[in-house]
Structures are given as structure tokens and as C-alpha cells.
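Please consider the sequence and model shown below. The explanation then proceeds residue by residue.

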Amino acid sequence: MMPPAVLSLSILASLVNMTNASPTQTIRVNNHPVSVSLAAATTKLIVGEPVTLTFSVANQTADEMYVVSGPIGNGATDGFTVTVTGPAGPLAPVPPNPMASNGATGASSLAARSTFVDRLLLAEWVKIDKPGRYTITVARKLRVGVMPSTNWSKAQAFDVRLDLAIDVAVGTQAQLGAVIDRLGTKMLAASEDDGGSIAEALATIHDARVVPYFIKALALDWSRQFPAIRALGSYPTADSLAALVRMLAATDFNTRISAAQAIADHKSDAGLKALWA
């Protein structure tokens, strides 16, 4: 039998591990078990580092199922509710995006023993700018059904709510630079879908050291180009302007319009001259 002091430390360690574990909720869809979980890329961050979350829906059966999916951003009709409580209480929410519901909703396949994942960028709902321990609460009405799906609007609906704790510490400029280098390198090497998500996360870091990565992203796919163009609009430097001016010659109309808007955001004489050229 362990001494009381050792036993207390053992219990404390177990509680810490439980606190840091990914929260999971199990639902049953026509007697088919489905697990829903929330995880963060990391639960230990520094101030200014993006918080990225994955909301996973796992089919635990041998039967094909489906998840009703669509726009999920802040303000989307069928999206997520995300709140954060810190040392001083609830954090102020970011206003909903009035365009968040734009996009199609439908049934996404959830094959046997497979997982459907939504990726969330916390800064879209709440911004954390001080150190401390924070509890993130993610809730949504999840709609799931069993195939064959002839009418996905009749899928079963479940109110899902998961909490996850993260620790945010004060970081040095060198530490933030390391975060930028890690995310920037990962963004450039990732697949199209993942690259776009990482670009959105990198854009939440307001530091000129992100500029070289976004300039390189302009040579890649649209999922990275669009957040890169928007981000470069916040940095009125010669390199940023030159990269955006090159995008004015893009074949895609939306790319040219986005580049022009980003140049206008510079509010510089050189930028205005480029737009009138």
C-alpha cells in the first residue's frame, strides 16, 4: 500500500491527466454509437499563438452513416457556438460574420470506422491576449443519420457540448518567431485544404515576420492565396506591395480584386500609384 503522500501525488497526477485529456461525448444514432471529441493542436501556448481546434465525429460501427455538414463559421445558422472563460471570467465574443451562412448544406459520408473532422480557428469567435488558463466550450446541434440517406433533413439531431482547457503563457519575441517559422513552413508544405487552414491561423499573428511566408504562398493554390493577400494588406512594406502588384496581373478576376483591395489597405502613395497605373 502506498504512503498517504505518494497516494496524494498519484491522485493529483491522474486529475491533471484528466484535465488535459481530449473531451469526448458518445451519442447513439438508431442504436449506432458515435463518439464526438474536441482537441487542440496543443494545449500549451504563448500569447499571440493561434489556437486551432478539431471537432471530430467518429463512426464506431461497421455500417455507413452520414453527417449533415455545411458552413460552420461564427454566425453560421448550422455552425458552432464557441465561448471562452479565463481567469477574469468570460471573454468578449467576436461579432458574428454576416456572411458565415453562405455555402451549401448536405450529407457528408461517414464510412464504417471512419471520422469526420471540422477544423475551427478560435480567433474567429474569441481572441485571447493575456496569459492564464482558459476553458474553451464548443457546442453545436449535430445531425447524424444511418445510410442509405434518402432525406438527410430527417437526420437525428443531438445537442453536443464539449469543454477543453488550455494554458497560455507570456512568450518572448524569439518564441513567437519560432511559432511563425513552424506555421509558415507547414503552410507552404501542406495539402491545399490544410494549407488554407494554416494560412488563416498564421494570419492571426500580427507580426511582420509572417510576410515572407505569405509572399511565397501567393505562388500556390487559391486556398492559400486568398488569406495571404488579405494578410499582406496589413503590412505596407515594399516587399508586400511588390508581391500584391504582381497579383494584379492574375488571370482570375477575384484574385485581382482582392489584391487591389489589399493594396488600398496600405493607404500609401506607392500603393495608390500602382492602382492608377
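The following paragraphs examine two serine residues and a surface patch in this predicted model.

The account begins with Ser-240, which belongs to helix 6, spanning residues 238-247. Its relative accessible area is 0%; because buried denotes a value under 20%, Ser-240 is classed as buried. Leaving aside residues up to four places away in sequence, Ser-240 is in contact with Val-211, Ile-215, Leu-232, Tyr-235 and His-266. Among these, Leu-232 also takes part in a polar contact: its backbone oxygen lies 2.9 Å from the side chain of Ser-240.

Leu-232 also serves as a reference point for locating the second serine, Ser-149. The two residues are separated by 83 positions in sequence, and their C-alpha atoms are 44 Å apart. Ser-149 is situated in the loop that connects strand 10 (132-146) with strand 11 (156-169). With a relative accessible area of 26%, Ser-149 is partly exposed, whereas Ser-240 is buried. When residues up to four places away in sequence are excluded, Ser-149 touches Tyr-66 and Ala-107.

Attention now turns to the surface. Here Leu-272, Leu-275 and Trp-276 make up a nonpolar patch, whose combined accessible area is about 370 Å². One of its members, Leu-272, is located in helix 8, which covers residues 269-276. The relative accessibility of Leu-272 is 43%. Since partly exposed describes values between the buried limit of 20% and the exposed limit of 50%, Leu-272 counts as partly exposed.

Conventions: Residues are numbered from 1 along each chain as its sequence is written. This is a predicted model: local features need pLDDT of at least 70, side-chain atom pairs count only at pLDDT 80 or more; totals for chains, interfaces and linings use all residues. Side-chain values use heavy atoms; hydrogens and water are left out. Patches are made of residues with over 30% relative accessible area and no salt bridge: like charges are joined within 9 Å, nonpolar side chains (Val, Leu, Ile, Met, Phe, Trp, Tyr) within 5 Å. Accessible areas come from the Shrake-Rupley method with a 1.4 Å probe; for residues, only the protein chains shown count as cover. A salt bridge is a side-chain nitrogen of Lys or Arg within 4 Å of a carboxyl oxygen of Asp or Glu. Helices (H or I, at least four residues) and strands (E, at least two) are DSSP runs, numbered from the N terminus. Buried means under 20% relative accessible area, exposed over 50%, partly exposed in between (1.4 Å probe, protein chains only). Contact means heavy atoms within 4.5 Å. A polar contact is a pair of N or O atoms within 3.5 Å; within protein, one must be able to donate a hydrogen and the other to accept it, and residues adjacent in sequence count only if both atoms are side-chain atoms.
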